[in-house]
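Me: I have a fold open on my screen and I'd like to learn to read it feature by feature. Can you walk me through it?

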Amino acid sequence: NGDWLENNARQALVYTEKAGVNQVIIDSAADLKGVARNLAFSLALYSGQMCTAPQNIYVPRDGIQTPEGRVSFDEVAAALGAAVDKLGADAAKAVELTGAIQNEGIVERIEKARALGLPVVADSKALTHPQFENARVRTPLLLRAEAGNPAISQEWFGPIAFVVATDSTAHSIQIARDSVIEHGALSLSAYTTSNEVAEQVQEAAEESGVSLSLNLTGAVFVNQTAAFSDFHGTGANPAANAALSDSAYVSNRFRVVQTRRHI
């Protein structure tokens, strides 16, 4: 719809926010449990139906470094899966995070993702809302994938995400950068204890034109970019053609025509 408006509404000043593939890079972690909790919350929030919700989580296949030592890819994936399952364990609490699925097409997309045949890290479950028994409520589906799998290069709108095995952190950064340039993104998140890696990720974010969040483990989430407190969108990648909450959010939507006369 956004592409159509840009191409056809030539008479208008058109601002669009469109599809994108949001990504997370995990290089190392000072608090792996905190990383898992934060990402699980981000995946569950509004059932992934946010333009900033993460989808692809890149982890080197030889694992990551933590204060407790090297943690394997499988262990990282298991920690993420356990955190997602824990969030959905209490339906009464979970529905306050997930909300409801907006339309039947998203439920069908969950089934389509499951039908990819990828290993399941956390399965999507139907929850019963205690106040609205007919509400469509689903927990996130988290799948394991390999870098290069064409399925992860598209947006899977809804509670669908992938833990992706990469060759290295450098490979993760390259994939993320190239994906933003080609497919667009509203958010990029990274976890690292290395200042050098943080600088490399920041450079990739700036080159590809996407907003970056680093090492969010507490009560701030990559999904949360609000007008007038954060820049939402950049206008520098295919996911949006403008920064949607900079000063132009107001001023650039006005035009002034002046008339002067002698009195």
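Reply: Let's start with accessibility: buried means under 20% relative accessible area, exposed means over 50%, and partly exposed is in between. Asn215 comes out at 37%, so Asn215 is partly exposed. Keep in mind that this is a predicted model.

Me: Where does Asn215 sit, and what is its phi?

Reply: Asn215 belongs to the segment after β9. Its phi is positive, about 55°, although Asn215 is not a glycine.

Me: Which other residue should I look at for a positive phi, and is that one buried or exposed?

Reply: Try Ser47, a residue other than glycine with phi near 55°. You'll find Ser47 in the loop between α2 and β2. With a relative accessible area of 1%, Ser47 falls under the 20% cut-off, so it is buried.

Me: Now the interior. How do I read a nonpolar core?

Reply: Think of buried nonpolar residues joined through side-chain atoms within 4.5 Å. Here the largest core has 27 residues, and those with the most contacts inside it are Ile26, Leu39, Ile57, Val59, Ile64, Leu80 and Leu142. Two or more residues come from each of β1 (23-26), α2 (32-44), β2 (56-60), α3 (73-87) and β7 (160-166).

Me: If I click on Leu80, what does it touch?

Reply: Leaving out residues up to four places away in sequence, Leu80 touches Ala36, Leu39, Ile57, Leu142 and Val163. There is also a second, separate core of 25 residues, which includes Ile110, Leu118, Ala151 and Trp156.

Me: Next, aromatics. How many aromatic pairs are there, and how do I tell one kind from another?

Reply: The angle between the ring planes decides: under 30 degrees is stacked, over 60 is edge-to-face. The count comes to two aromatic pairs. Phe41 and Phe221 are stacked, at 4.1 Å centre to centre with 15° between the planes. That pair links distant parts of the chain, with Phe41 in helix α2 and Phe221 in the segment after β9 (212-214), 180 residues apart.

Me: Are Phe41 and Phe221 buried or partly exposed?

Reply: One of each. Phe41 has 21% relative accessibility, so it counts as partly exposed, while Phe221, at 10%, is buried.

Me: And which residues make the other pair?

Reply: Trp156 and Phe162, which are edge-to-face: 6.1 Å centre to centre and 65° between the planes. Trp156 and Phe162 are both buried.

Me: What about empty space inside? How is that found?

Reply: Rolling a probe the size of a water molecule over the atoms shows where empty space is left. This structure holds four cavities of 30 Å³ or more, and the largest has about 90 Å³ of space. It is lined by 14 residues, and the closest to its centre are Gly48, Met50, Ala53, Gln55 and Glu155.

Me: What kinds of residues make up the lining of the largest cavity?

Reply: The lining divides into eight nonpolar, five polar and one charged.

Me: Let's finish with some single residues. What does Ser28 touch, and where is it?

Reply: Ser28 is in the loop between β1 and α2. At 5% relative accessibility, Ser28 counts as buried. Its contacts, not counting residues up to four places away in sequence, are Ile64, Gln65, Tyr191, Thr192, Thr193 and Ser194. You can also trace from Ser28 to Gly69: they are 41 residues apart in sequence and 10 Å apart in space, C-alpha to C-alpha.

Me: And what about Ser179? Where is it, and what does it touch?

Reply: Ser179 is in helix α6 (residues 169-183). Ser179 is buried, with a relative accessible area of 9%. Beyond residues up to four places away in sequence, Ser179 touches Val21, Gln23 and Gly184.

Me: Which residues are in contact with Pro238?

Reply: Setting aside neighbours within four places in sequence, Pro238 is in contact with Lys18, Val180, Ile181, Glu182, His183 and Gly184. Pro238 lies in the segment after β9 and counts as partly exposed at 35% relative accessibility. For a view along the chain, pick the C-alpha atoms of Pro238 and Gly20: the two residues are 218 residues apart along the chain, yet those atoms are separated by 7.5 Å.

Conventions:
Residues are numbered from 1 along each chain as its sequence is written. This is a predicted model: local features need pLDDT of at least 70, side-chain atom pairs count only at pLDDT 80 or more; totals for chains, interfaces and linings use all residues. Side-chain values use heavy atoms; hydrogens and water are left out. Buried means under 20% relative accessible area, exposed over 50%, partly exposed in between (1.4 Å probe, protein chains only). Helices (H or I, at least four residues) and strands (E, at least two) are DSSP runs, numbered from the N terminus. Contact means heavy atoms within 4.5 Å. Rings of Phe, Tyr and Trp (its six-membered ring) pair if their centres lie within 6.5 Å; planes under 30 degrees apart count as stacked, over 60 as edge-to-face and the rest as tilted. On a 1 Å grid over the protein atoms alone, a cavity is a set of points where a 1.4 Å probe fits but cannot get out, and a pocket is an open set with protein on both sides within 12 Å along at least five of seven lines; lining residues have an atom within 4 Å of a point. Grid points are joined across faces, edges and corners, and a volume is the space filled by probe spheres set on the points. Ala, Val, Leu, Ile, Met, Phe, Trp, Tyr, Cys and Pro count as nonpolar, Asp, Glu, Lys and Arg as charged, and the others, Gly among them, as polar.
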